Amino acid sequence: MSASPTYSQPPAATAEEDGVVVCAVCSSPQSSTEAAENLYVCPACGAHSRISAHERIRQLADPGTFKVWDVGLEGRDRLGFFDTRAYVERLDEARLRQHLPDAILSGAAEIGSIPVGLAAFDFGFLGGSLSTAVGERLARAIEASAESRVPFICVTSSGGARMQEGVFSLMQMAKSVSALHDLAERHLPYISILVDPTMGGSIASFAALGDVILAEPKAMIGFTGARVITQATYEQLPAGFQTSEFHHARGLIDQVVDRRQLREVVSNLLRVLSTSSGDTAQSAA
Amino acid sequence: MTGAEGDGSASTEKMASAWAQVEGARHPDRPYSLDLIQRCLDDFIELHGDRQGGDDAAVVIGLARLGGRRLGVVANQKGRTLEERGRRNFGMAHPEGFRKAQRLFALAGRLEMPVVSFIDTPGAYPGVAAEERGQAWAIAQTLEAQLALPTPYLAVVIGEGGSGGALATLLADSVLILEHAFLSVASPEAAAAILFRDAGRKQSAAAALRLEAANLLEWGIADEIVPEPPGGAHTDWDATGALLRPRLEAKLEQLVKEGVNPTRRRERYRRLDGLFQL
């Protein structure tokens, strides 16, 4: 939800006219070229800025290996939804601004020369929310990975359900989990990478079901956003509530990985996971 | 479109209809899960606990019989007295409640029992302790457990079907919904807070979300609307049970005959929105 006040604002760097990028957390400046070289992580304080799906794939996939899936697949306004604006207007605007048909980009790629299916959410597209088209693209990416017998990697940055698609959005949780069975059936690994923020219906379905779950530092992750919890329960929120580190300490995330190491960590995981098990009951028979 | 509140979201008529649905589903005298289980199933025996250290009273599980068959039962449970409301947490489950449901699905699979679920929850509990213990993970795993259940599975929405909390016991082979019950991506209050930054605009949100039972039937998310007695379920619990019981019995019989399996159930939820059929 781009209009959602539910989730905290990003530690986003702001681009100045002269090509200087200022860290939203510590105000350290760097040139836009340096910012790109640093993968949009502040070299002074380590804050991870939100990045687009296109940039995420540029950072993770081996250069020149990404081949996009389902280029023309777009959703539509099933409910004729109008809140303060027409949903169709919001959609058109987001498509133009983010250069994406909806809030996810998926395709075949290689990481460390190992072929994978790769999907990345785009938080700039209506808060990376789970629309019917996003759910469909995600399910197809999972199925295409299973079909090609390659591991599946999903980088999620999503506010959760897309209110403007009502119960159809809710049902994408079921759709994505249904599709994941195709990977399990073929004993193929699914690596889920959680990025600021991963909330609501996204973390309560596909994003929580990775065989291995990684998260970027200080990402906000949780079912209900902090503001809603405070309003509903008047509870005091503990320090570091709903950060990657908070969930890691509680056994819900395998590793918190700095973006600058992410590609190497994923590549190492893939190398181990792609090695034959050799002596499992089935192959020993 | 002309908006009653100047936002074009819905006509007064649409708002009244959607809001009546919400108020009907939330009526304080409406029969809750145990009231209907008592009237629709035979010999209900409640089981307790998730076998991992918790027993969330917002979720009830157990064994029962219907039409000569044994069943696993899982239900959201609201409280009626002040004490019981607190104990049942208004029907809002913590992770222990979702893990209790997973235990029931595993048990039913092992003993080859069909499952009937009763849905009546505002949603999963939005609190610190729930988040600390992995609320989102618990819901996700419950979705997976439902889709893996090897036996026939029937769900009935009897009141509020709120968000991911409701979805955790909804992914059945067939879904029934009572006439005045609803299913929604978020509570109308939460949706209004997000869409209009004003929880008070709940009636507009309810209308825009089109959460009425009739729409769910049209979209194929529900398979059948079960009528309520004149005036609504809250006027006569016995009559409500008498209307529901034969529908449960008939649907269950049909599912058992069809020999449902997890592959077919996953296919249903994979293709449900019908927008991208190949």
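# A tour of chains A and B

Start with chain A, which holds ten helices and eleven strands. The model on screen is predicted. The radius of gyration of chain A is 19 Å, close to the 19 Å that the globule rule gives for 285 residues, so chain A is as compact as a globular protein of that length. Turn the chain along its principal axes, and the C-alpha trace spans about 60 × 45 × 40 Å. Of the 285 residues in chain A, 52% are buried. Among contacts between residues at least 6 apart in sequence, 69% in chain A join residues at least 24 apart.

**Stop 1: strand β6 of chain A**

Select residues 114-121 of chain A, which form strand β6. Is this strand enclosed or open? Six of its eight residues are buried, so β6(A) is largely enclosed by the rest of the structure.

Now add residues 104-111 of chain A, strand β5. This strand and β6(A) pair in the antiparallel sense, over eight bridges. To see one pair, pick A:A108, whose bridge partner in β6(A) is A:G117. The hairpin of β5(A) and β6(A) has two residues between the strands, and there A:G112 takes a positive phi near 60°.

Then add residues 152-158 of chain A, strand β7. Here the pairing with β6(A) is in the parallel sense, over four bridges. Pick A:L118 and look across to A:I153 in β7(A), which stands opposite.

**Stop 2: chain B as a whole**

Move to chain B, which has twelve helices and eight strands. Its radius of gyration is 18 Å, close to the 19 Å that the globule rule gives for 278 residues, so chain B is as compact as a globular protein of that length. The C-alpha atoms of chain B fill a box of roughly 55 × 45 × 40 Å along the principal axes. In this chain, 56% of the 278 residues count as buried. Among contacts in chain B between residues at least 6 apart in sequence, 71% join residues at least 24 apart.

**Stop 3: strand β4 of chain B**

Select residues 115-121 of chain B, strand β4, where seven of seven residues are buried. Both faces of β4(B) are covered. On one side are B:V115, B:S117, B:I119 and B:T121, and on the other are B:V116, B:F118 and B:D120.

Which strands pair with β4(B)? One is strand β3, residues 69-76 of chain B, which pairs with β4(B) in the parallel sense over four bridges. Pick B:G72 to find it opposite B:V115 in β4(B). Another is strand β5, residues 153-162 of chain B, also paired with β4(B) in the parallel sense, over six bridges. In this pairing, B:T121 stands opposite B:G161 in β5(B).

**Stop 4: the two domains of chain B**

Colour chain B by domain: domain 1 is 1-30 + 174-270, and domain 2 is 41-151. Taken over C-alpha atoms, the centres of the two domains are separated by 20 Å. Where they meet, twelve residues of domain 1 of chain B are in contact with eleven residues of domain 2 of chain B. On the domain 1 side, the elements that give two or more residues are α11 (237-258) and α12 of chain B. The largest share of that side, six residues, comes from α11(B). The residues of this side divide into six nonpolar, two polar and four charged.

**Stop 5: where the chains meet**

Show both chains again. In the contact between them, 46 residues of chain B meet 48 residues of chain A. Elements of chain B that give two or more residues to this side include α5 (128-132), α6 (135-148), α9 (202-209) and α12 (262-271). Select α6(B) next, since the largest share of the side, eight residues, comes from there. The chain B side divides into 29 nonpolar, eight polar and nine charged residues.

**Stop 6: the nonpolar cores**

Which residues touch the most other members of the largest nonpolar core? Among its 162 residues they are B:I139, B:L143 and B:I177. Helix α5 of chain A, residues 166-185, gives the largest share of this core, ten residues. Domain 1 and domain 2 of chain B both give residues to this core, so the core lies between them.

Centre the view on B:I139. Its contacts beyond four places away in sequence are A:A204, A:F223, B:F98, B:A124, B:G164 and B:A168. Finish at another core, which lies apart from the largest one and has eight residues, among them A:A35, A:C42, A:A47 and A:I51.

Technical notes: Residues numbered from 1 in each chain as written. Chains lettered and ligands numbered in written order. Predicted model: local features only at pLDDT ≥ 70, side-chain atom pairs only at ≥ 80, totals over all residues. Contact = placed C-beta atoms within 7 Å. Nonpolar A, V, L, I, M, F, W, Y, C, P; charged D, E, K, R; others polar. Core = buried A, V, L, I, M, F, W, Y, C linked by C-beta atoms within 7 Å. Buried ≥ 20, exposed ≤ 12 C-beta atoms within 10 Å, placed from the backbone. Domains from an automatic or database assignment. Rg over C-alpha atoms; globule rule 2.2 N^0.38 Å. Pairing = 2+ DSSP bridges.
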